[in-house]
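Here is a friendly walk through two parts of a structure, a small sheet and a helix. Please have the viewer open as you read.

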Amino acid sequence: DDRFGDIGDVEVEWSVEDAFNVDGLEYTLELDDAEEPVVDAEPIDGFDPEDGEQTDTLDLGEEELDVDDLDDGEYTLTIESDDGSLSDSVSFELDAAVPVVELTATQPVGSTEVPVQVDTEVTQSQPEVLTAEVLDGDDVIFSATEEDDIQGKLDDGFSWPTVDNDGNVVADSEYTVRVTAEDEFGDTGSDTVPVAADNTAPEVVEFIEFDTDVTNNEVTLTADVESATEIEGFENTQLDTIQMGVSADFTSFTETEFADSVAFDEDDNIETFEATIDAEDVTGQVGDGEFNAFATTTDELDNEGVFEDDGVTVEFDTTIPDVSIALSDLGGEPATATVTTDGEDVQIVEENDITIEANDETRAVRDFDAGLAEELEIEFDGTPLVNEDETTFEVTVDVEDEAGNQDTGTADATIAGFDIDEDLTADVETGLDSNFELNPTDEVAEPGDEGDL
């Protein structure tokens, strides 16, 4: 063969053409540039015809030359019969260098989203086959072979998406990448480098209770997060981003904000984050309701985790409470103001107690220490003012529910006096919703008198 790759023996095959008249042959092999180039062989004493016919080729078999001490380079091999009548020569190149592989892990820790990356350099010999393997201990769990675009593969390096040969994601752990290069002569060289798989997202260790149970305003959500994934012997994979917020049970909905780091416990590798959630941003999309603590985490390897805790909840309530006031039995004492609300959690606003006035004259002030029930009655002096043509009673109450939503309920009613003429008749202009009661004074009529209203 005109090329040879392994340090060892050169195997030479030869024959003599048109040798049917040859009875014997003594020969010598000479390898130019060899320190001991001469190899002697025993004479050949003729040969037998095959199938009754004389062959025209004398196959002298194989001979081996020891080239262990030869340097790489070009050589000429010559065979010559001892009498000099027969000779031939052939040139070949001796390349005893095996491929030298050097690996560098440029991305030693990887995931399915950000694969392990290993740069491969091969020197001393140009490879014709590259085989990359990932080992878990002594077991090969992933392998890839390239025979076509060797240089392109060397330029790109070896990329491993942390899966086995069946496409299953491997466990988070340390592994070994081994790359073997084979040249045209079958010589091989290899190198290994440790790598690691990390497909675990940063974990929300604990959600801290919201700072209120129900609100119509902003709330602060706090959570303790494992800020880095540790794999022994490798640099920790750090938390990249965290968004925190709320998730609805009653519909498919989440609302999150990027969280801010507020504390870090280096010993436990725990980082505390806070995010502010506005109730109006949430209820404007899905309405009032109860919401769970929710968070998503992403690390440097694009591992994403989703965490929800239905034990840490907040109720968003932005509905204005309904309050109504009715006045009855006006004109006498006691009259009654009935305040009605739409829920047990509605309370009188402390700084604005219930006040009832008659033409700006205070008739009742009610001070409340406890919450307002769904219905409340307040008695007051409902007689009209003396020497006034009209007496207007006004009731105002400010209420607030547990979430902080406020409403103002108002009611007013007017008692009007009309002159009765000598025929005991009063002309009254009225609206359809007015109530009237005849209340003549003693100076106008005596008991038993009759008149028209």
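Let us begin with the sheet. In this predicted model, three strands make up an open sheet with the order S28-S29-S33, and their pairing is antiparallel. Strand S28 (323–328) and strand S33 (375–380) are the edge strands, each pairing on one side only. From one strand to the next, the twist averages 20°.

Looking at one pairing in detail, S28 and strand S29 (residues 335–341) run antiparallel and are joined by six bridges. If you would like a pair to pick out in the viewer, Leu-327 has Ala-337 in S29 as its bridge partner.

Now to the helix. Which residues of helix H2 (residues 279–286) are buried? They are Ala-279, Val-282 and Thr-283. Viewed down the axis of H2, the buried residues fall within an arc of 90°, so they line one face of the helix. Glu-280, Gly-284 and Gln-285, on the other side of H2, are exposed.

The cover over the buried residues of H2 includes several strands, listed here:

| Strand | Residues |
|---|---|
| S19 | 214–215 |
| S22 | 237–248 |
| S23 | 254–258 |
| S25 | 270–278 |
| S26 | 289–299 |
| S27 | 304–316 |

Both ends of the helix have a detail to look at. At the start of H2, Asp-278 places a side-chain oxygen within 3.0 Å of the backbone nitrogen of Glu-280. Just after H2 comes Gly-287, with a positive phi of about 90°.

Note on methods: Residues numbered from 1 in each chain as written. Predicted model: local features only at pLDDT ≥ 70, side-chain atom pairs only at ≥ 80, totals over all residues. Heavy atoms only, no water. Buried < 20%, exposed > 50% of the residue type's maximum accessible area, 1.4 Å probe, protein only. Helix = DSSP H or I, 4+ residues; strand = E, 2+ residues; numbered from the N terminus. Arc of directions from axis to C-beta. Contact = heavy atoms within 4.5 Å. Polar contact = N/O pair within 3.5 Å; in protein donor to acceptor, adjacent residues only side chain to side chain. Pairing = 2+ DSSP bridges. Axes fitted to C-alpha atoms, helices over the stretch in contact; angles between N-to-C directions.
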